[in-house]
Amino acid sequence: MNSDRRDKSAGCGAGCDEARRAALKICAGAVIGMVASPRDNAFADDPTRAHPQAGDRLVRADADSGVNTPLDLASLAVGDKPLIAYPFDPATRTVRDGSRLNRVLLIRLDPAGFDERTRARAAEGVLAYSAVCTHQGCDVTEYNPTENVLFCFCHFSKFQPAHGGEVVGGPAPRNLPLLPLRLEGGQLVVADTFTSRPGATL
Ligand code: FES
């Protein structure tokens with residue numbers, strides 16, 4: 001790794017190299033998986049692959065299958081590590097985990113630091129960003145509180161969560177898409193579609 005890479009990885013902490021290797025492995029498979037194929041058409045009507053829709057709830061991506069408890073405001077406190085979640089249709093109890101592009105990173109921050117467009121899409125400080133890097137599609141799972149950025153281990157792109165997922169470092173060519181949220185009975189509810197197309201920029 002050259003010195004430039006080392007600088008960009010500042011803040012990763014111990015285990016960064018190992019995490020990066022794992023992320024790159026996932027990324028390689030993810031990019032292959034995101035290339036359109038005739039098989040995709042066969043799943044066009046599959047509700048698990050449908051994009052997040054207004055009214056969807058969110059459930060943890062690591063929940064045991066069959067245990068789909070919609071996340072509420074109490075699920076996340078300011079300062080907690082991000083949670084990775086999938087949209088969930090409460091009417092049919094369908095988890096939309098058939099497409100990796102539906103993965104979202106949930107984080108709760110102090111909304112006082114948000115710009116106006118971001119505040120309008122947050123629920124009491126909870127933000128839902130696409131968990132797929134807009135560079136080459138690696139997972140975005142981490143938050144660095146020192147820099148106040150979400151980052152991708154693969155090539156160290158950084159995204160500013162308080163400002164609409166704006167790219168503030170690394171090779172990512174597009175902002176991280178934001179999924180607008182609202183609250184209903186304390187539950188986190190999807191209010192609209194992603195602000196832009198999730199996934200790698202091929
Ligand atoms: S895939 Fe995220 S920085 Fe390259």
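Here are a few questions and answers about the strands of this predicted model.

Reader: What makes strand 5 count as mostly covered?

Author: Look at residues 126-130: five of the five residues in strand 5 are buried. Buried takes 20 or more other C-beta atoms within 10 Å of a residue's own, so each of those five residues reaches that cut-off.

Reader: How do you know that strand 4 and strand 5 pair?

Author: Count the bridges. Pairing takes at least two of them by DSSP, and strand 4 (residues 104-108) shares five with strand 5, in the antiparallel sense. Among the residues facing each other there, Ile107 stands opposite Leu127.

Reader: Why is strand 10 called a partner of strand 5?

Author: Strand 10 covers residues 178-179, and two bridges join it to strand 5. The cut-off is at least two, so the two strands pair. They run antiparallel, with Tyr129 of strand 5 opposite Leu178 of strand 10.

Reader: What makes strand 6 and strand 9 edge strands?

Author: The open sheet has four strands in the order 6-7-8-9, paired antiparallel. Strand 6 (140-144) and strand 9 (166-169) each pair on one side only. As for the turn between neighbouring strands in this sheet, it averages 40 degrees, direction ignored.

Reader: How do you know that strand 6 pairs with strand 7?

Author: Same kind of check: at least two bridges are needed, and four join strand 6 to strand 7 (residues 149-152), so they pair. These two run antiparallel, and Val140 stands opposite Cys152 in strand 7.

How values were computed
Residues numbered from 1 in each chain as written. Predicted model: local features only at pLDDT ≥ 70, side-chain atom pairs only at ≥ 80, totals over all residues. Buried ≥ 20, exposed ≤ 12 C-beta atoms within 10 Å, placed from the backbone. Axes fitted to C-alpha atoms, helices over the stretch in contact; angles between N-to-C directions.
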